[in-house]
Amino acid sequence: MTLSELHKFIFEGLPVRGMLVRLTDAWQDILARRAANSETGAYPAPVRQLLGEMAAAGVLMQGNIKFNGALVLQIFGDGPVKLGVVEVQPDFSLRATCTQVGDVADDASLSQMVNVNNQGRCAITLDPQDRLPGQQPYQGVVPLFGDQGEKLENISEVLEHYMLQSEQLDTVLVLAADDKVAAGLLIQRLPIEGEGNLAGKADSVEREAVLGQSEDFSRIAILTKSLKREELLTLDAETILHRLYWEEPLARFEPYIGETGPRFACRCSRERVGNMIRSLGTEEVESIIAERGQVDVGCDFCGAEYQFDPVDAAGLFTGLVPDPSGGSVH
Ligand SMILES: [Zn+2]
């Protein structure tokens, strides 16, 4: 199995930067964990494509910011797909899951899955690693509509809108995912000094220089958009970058792969699950125990199962933990 990889590059002398991600082992790990879940089974193809494209986009967006914390990309759907979540840490470890509440047709479009009644939306959250007490994570929310009020059918378009709004940067994003690979290519136009007051520039040489730089972006954007979904899924990074940009002054950075590259990792723990159960309140937890004898919680991201028997559950509320010999601590 090939290792997932992230490549960063710039175009020397031009105000354009880019990134290419290919999630292979990390993506197959996420899919295999879902398929092994006897309650849900594997994702239908359109859901797999949506979540894979979100996973690739999440890594690109995390790679694009200087931020010490998790980037969480979420879709809140109003159709058969209720929730899609991708969480990417600064070291590119990631996890992803989708919650499906109804049937998804084999040929379902994005809007048929998550924007049936025009209520679907996409949220991008930056959650700082060392959050101060009372500090809220930053969150941006974008609707799943284009400028003309049309329903967007590609998550890439939704995110291009977000990046234009939040960072004021022109972005081109190409995404694709199947059952082996989740991949994405992003290019972004860097801000040019003095561009904001272009209209006030009397100096035509200066003005043309700025316009010329934006032509460079337009040209590279057209090359980027020419990449076909099939090519993004099947070609390796070297081939894609060469095929698209062989006439451009491409300068590449050391790729992130293996230890430093994107990989699956879940952050669930018994302690976190315990906190979640505690937040339900004594009454709710007691009624679950009365009904089922214990509290079972499965992690949607990795499939881990956590069991809290009546003694464990009571300990959550009293702060007493059962001692390992079996009796509870008094
Ligand atoms: Zn987990």
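**Rings, charges and a buried hairpin**

Arg-95 sits over the face of Phe-301, 4.0 Å from the ring centre. The model behind this value is predicted. A second arginine is placed in a like manner: Arg-270 lies over the face of Phe-308, at 4.0 Å from the ring centre.

Stay with Arg-270. Its side chain also makes a polar contact of 3.3 Å with the side chain of Asp-312. Asp-312 belongs to helix α10, residues 310–318. Is Asp-312 buried or exposed? Its relative accessibility is 17%. The limit for buried is under 20%, so Asp-312 counts as buried. Arg-270 thus has two partners to inspect: the ring of Phe-308 and the side chain of Asp-312.

Next come the aromatic pairs. A pair of aromatic rings is described by the distance of the centres and the angle of the planes. The count here is four aromatic pairs. Take Phe-9 and Tyr-245. Their ring centres are 5.9 Å apart and their planes meet at 45°, so this pair is tilted. The two residues come from distant parts of the chain, 236 residues apart. Phe-9 is in strand β1 (residues 5–11), and Tyr-245 is in helix α7 (residues 237–245). Both Phe-9 and Tyr-245 are buried.

Now move along β1 to Phe-11. The rings of Phe-11 and Tyr-245 have centres 5.1 Å apart, with planes at 85°, so the pair is edge-to-face. Because Phe-11 lies in strand β1 and Tyr-245 in helix α7, this pair ties together parts that are 234 residues apart in sequence. Phe-11 has a relative accessibility of 1%, so it counts as buried. Tyr-245 is buried too, with a relative accessible area of 1%. Ring pairs link Phe-9, Phe-11 and Tyr-245 into a cluster.

The last stop is strand β8, residues 171–177. How many of its seven residues are buried? Seven of the seven are, so β8 is largely enclosed by the rest of the structure. In a regular strand the side chains alternate between the two faces of the sheet. In β8, Thr-171, Leu-173, Leu-175 and Ala-177 point one way. Val-172, Val-174 and Ala-176 point the other way. All of these residues are buried, on either side.

Which strand pairs with β8? Strand β9 (residues 182–189) does, through seven bridges, and the two strands run antiparallel. One bridge to look up joins Ala-176 to its partner in β9, Ala-183. Together β8 and β9 form a hairpin, with four residues between them.

Definitions and conventions. Residues numbered from 1 in each chain as written. Predicted model: local features only at pLDDT ≥ 70, side-chain atom pairs only at ≥ 80, totals over all residues. Heavy atoms only, no water. Buried < 20%, exposed > 50% of the residue type's maximum accessible area, 1.4 Å probe, protein only. Polar contact = N/O pair within 3.5 Å; in protein donor to acceptor, adjacent residues only side chain to side chain. Phe/Tyr/Trp six-rings, centres within 6.5 Å; stacked < 30°, edge-to-face > 60°. Lys NZ or Arg CZ within 6 Å of the ring centre and 35° of its normal. Pairing = 2+ DSSP bridges.
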